[in-house]
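User: Hey, got a minute to go through this one with me? I'd like to start with the empty space inside.

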Amino acid sequence: MIYTTLLFSVENNICQIIINRPDKLNALNKDVFTELDHAIDEVNKDANIKSAFITGAGPKAFVAGADITEFGGLTTEQAMELSRRGQNVFFKIENSAKPIIAAVNGFALGGGCELAMACHFRLCSENAKFGQPEVNLGLIPGYGGTQRLTQLIGKGKSMELQMTAGLIDANEALKLGLVNYVTAPDQLIDKTKEILTLINTKAPIAIAKIIECINTAVVSDSAYTNGKSGFEKEIEAFGHCFGTDDMKEGTAAFLEKRKAIFQGK
Ligand code: COA
């Protein structure tokens, strides 16, 4: 696929996905969703890619929300369809077997905050601002924000932020656990790559199982949990790892006091 709204590149087994509509502060329109959907499939299919991160083009915004120009005149049914489509793309990110993290380089508002929250975890630069300001438009978040913000920062703070349309800065986001690290703007991508480089040295099947089990603890949609509890899923995944070459290599390397080399098998 030739991307028109994304920049997609791979270096050192790390895929960089840049939402590239800087004139519109990288707002998520239909094309971005179509391309993002495809890009996540590509991340999971390409054996050369071990992990990925998503960031925004330009110095100002990660993503300033869903593209509000596409909201005009939608019926209730069409709006539900838009919400379902957005949720499904974000579920695909959340359930990717390969790590996908967000490098938030500025405004992450509305759908932008929801996109960041669908990623496995988040880093941001000092100039980042997060919020769900939909209530200003007479709306609520529609791409999972009511659920994921509550999971990440707790019910009380999630209620307040969504009711007031308040924005929080990078340090507040760090304090609330919405992001794991805050960096200077020019350090954000380096720090992101540093973390992914470390993760890329670990056993890929075990990483995929960690994602699956942790998601079972927080994803409420039974389509993604097969109705099993997170504890039950963990038992199965733990057993599954014992059948892999990587587990044999990892335990052997420990006992032989050497560094493990994982093949993803
Ligand atoms: N959808 C569509 N276009 C958007 C957008 C969005 N969510 N956010 C920004 N843009 C566009 C603006 O319309 C403007 O386009 P123009 O130059 O053609 O007029 C351009 O991006 C630059 O934005 P602007 O508002 O001029 O920048 P600013 O620095 O004054 O303000 C924000 C930045 C983020 C505070 C402001 O753009 C904003 O409030 N955006 C909407 C946030 C929002 O409500 N998101 C939730 C949507 S559900």
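Analyst: Sure. First, what I mean by the word: a cavity is a set of grid points where a 1.4 Å probe fits but cannot get out, and lining residues have an atom within 4 Å of a point. Also, keep in mind that this is a predicted model.

User: Okay, how many cavities of 30 Å³ or more does the structure hold?

Analyst: Just one. The volume of the largest cavity is about 30 Å³.

User: And which residues line the largest cavity?

Analyst: Going along the chain, you have Cys113, then Phe130, Gly131 and Gln132, then Leu149, Leu161, Ile168 and Leu178.

User: How does that lining divide into nonpolar, polar and charged?

Analyst: Six are nonpolar and two are polar, with no charged residues in the lining.

User: Let's stay with Cys113. Where is it found?

Analyst: Cys113 belongs to helix α3, which covers residues 111–118.

User: Is Cys113 buried or exposed, and why?

Analyst: Cys113 is buried, because its relative accessible area is 2%, and buried means under 20%.

User: How far apart are Cys113 and Lys129?

Analyst: In space, 9.1 Å from C-alpha to C-alpha; in sequence, 16 residues.

User: Switching to the outside: which residues make the nonpolar surface patch of about 260 Å²?

Analyst: Ile68, Leu137 and Leu139 make that patch.

User: Where does Leu137 sit?

Analyst: Leu137 is in the loop that runs between β8 (129–131) and α4 (145–153).

User: Why does Leu137 count as partly exposed?

Analyst: Because its relative accessibility is 47%, and partly exposed lies between the 20% and 50% cut-offs.

Key:
Residues numbered from 1 in each chain as written. Predicted model: local features only at pLDDT ≥ 70, side-chain atom pairs only at ≥ 80, totals over all residues. Heavy atoms only, no water. 1 Å grid on protein atoms, 1.4 Å probe; cavity = no way out; pocket = protein on both sides within 12 Å on 5 of 7 lines; lining within 4 Å. Points joined across faces, edges and corners; volume = space filled by probe spheres on them. Nonpolar A, V, L, I, M, F, W, Y, C, P; charged D, E, K, R; others polar. Patch = residues over 30% accessible without salt bridge, like charges linked within 9 Å, V, L, I, M, F, W, Y side chains within 5 Å. Areas by Shrake-Rupley, 256 points an atom, 1.4 Å probe, with all protein chains shown as cover. Salt bridge = Lys/Arg side-chain N within 4 Å of Asp/Glu carboxyl O. Helix = DSSP H or I, 4+ residues; strand = E, 2+ residues; numbered from the N terminus. Buried < 20%, exposed > 50% of the residue type's maximum accessible area, 1.4 Å probe, protein only.
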